[in-house]
Amino acid sequence: MLTCIEGLLDAPTLDAVREQLATSDSFAPGEATAAGRARAVKHNLQGIGADATIRGVTRLLEKQLLAHPVFRAATRPRQFARLLISRYDRGMGYGTHIDAPAIDGVRTDVSFTLFLSEPGEYEGGELVIESGAGEDAVKLPAGAVVCYPSSYLHRVEAVRSGSRLVAVGWLQSEVRSSEQRKLLFALDSALARLQEHPGDPGALDELANVRANLQRMWMD
Ligand SMILES: O=C(O)CCC(=O)C(=O)O
Ligand SMILES: [Fe+2]
């Protein structure tokens, strides 16, 4: 399941982050932070983790992500494995790969991309995610995040013009199974909708769906 959350960063935070990264020259070839087969297909620039600006930005972004109720409900974070700032200038991309199962000893259950550039600032650069149902090409407004199970193959199409700036990250979830996370997320969102509008028919459909899926899961 893919979850897209718009407006995760508010405008002042987004502006501050972009300003700091625009004046930073702390980017290096991204191959160093890829392992295995991914290394050969990774062509981008990466914020250098030891740099004070990059560290400050990644800390701030982690805080914002953890403070967002929908991000929390969708991912149920236990621990971030890593957060990286990535830049794709013209001609750069990242071929089809699977993310490492663990980073620095932390299991990766959820991968996410937090967009820092507006879609109109670059051509190409779609994040294409291969879920069981086919491919989704994702290109979101600045300040939005997409979360997906780390078990999905994915790629970043070559940037044809402009520059694509994102924060990418991985986390271990309190709920290891993506199927179970999806059910809990559906329950959370139905409950929130019912609290707001008692009897909301969309929320009742969602509850009926969760019930049927649980029954299917548990029935012999
Ligand atoms: O830039 C992105 O949206 C995702 C990059 C990616 O797949 C990775 O760094 O492993
Ligand atoms: Fe990846």
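The following paragraphs lead from the sheet of this predicted model to the surroundings of its ligand and to one annotated residue.

The sheet is open and consists of seven strands, arranged in the order E1-E13-E9-E16-E5-E4-E2 with antiparallel pairing. Its edges are formed by strand E1 (3–5) and strand E2 (27–29), each of which pairs on one side only. On average, neighbouring strands of this sheet are turned by 30 degrees against each other, direction ignored.

Within this arrangement, strand E9, which spans residues 110–115, is joined to E16 by six bridges, and the two run antiparallel. Across this pairing, Phe112 stands opposite Gly169 in E16.

Strand E16 also leads to the ligand. Ligand 1 is surrounded by Ser86, Tyr94, Asp99, Thr113, Leu127, His154, Val156, Val166 and Val168. At least two residues of this shell are supplied by strand E16 (164–173), and at least two by strand E14 (153–156). Sorted by class, the shell around ligand 1 comprises five nonpolar residues, three polar residues and one charged residue.

A further residue of strand E16 is Arg164. An unreviewed UniProt entry lists Arg164 under "binding site". Is Arg164 buried or exposed? Arg164 counts as buried because 27 C-beta neighbours lie inside 10 Å, and the threshold for a buried residue is 20 or more. Leaving aside residues up to four places away in sequence, Arg164 touches Tyr88, Ser117, Tyr122, Gly125 and Val159.

Definitions and conventions. Residues are numbered from 1 along each chain as its sequence is written. Chains are lettered from A and ligands numbered from 1 in the order in which they are written. This is a predicted model: local features need pLDDT of at least 70, side-chain atom pairs count only at pLDDT 80 or more; totals for chains, interfaces and linings use all residues. A residue is near a molecule or strand if its C-beta atom, placed from the backbone, lies within 6 Å of it. Helices (H or I, at least four residues) and strands (E, at least two) are DSSP runs, numbered from the N terminus. Ala, Val, Leu, Ile, Met, Phe, Trp, Tyr, Cys and Pro count as nonpolar, Asp, Glu, Lys and Arg as charged, and the others, Gly among them, as polar. UniProt positions are given in the numbering used here, feature names are shortened, and annotations may be inferred rather than shown by experiment. A residue is buried if 20 or more other C-beta atoms lie within 10 Å of its own, exposed if 12 or fewer, and partly exposed in between; C-beta atoms are placed from the backbone. Two residues are in contact if their C-beta atoms, placed from the backbone, lie within 7 Å. Two strands pair if DSSP finds at least two bridges between them. Axes are lines fitted to C-alpha atoms, for helices over the stretch in contact, and angles run from 0 to 180 degrees between N-to-C directions.
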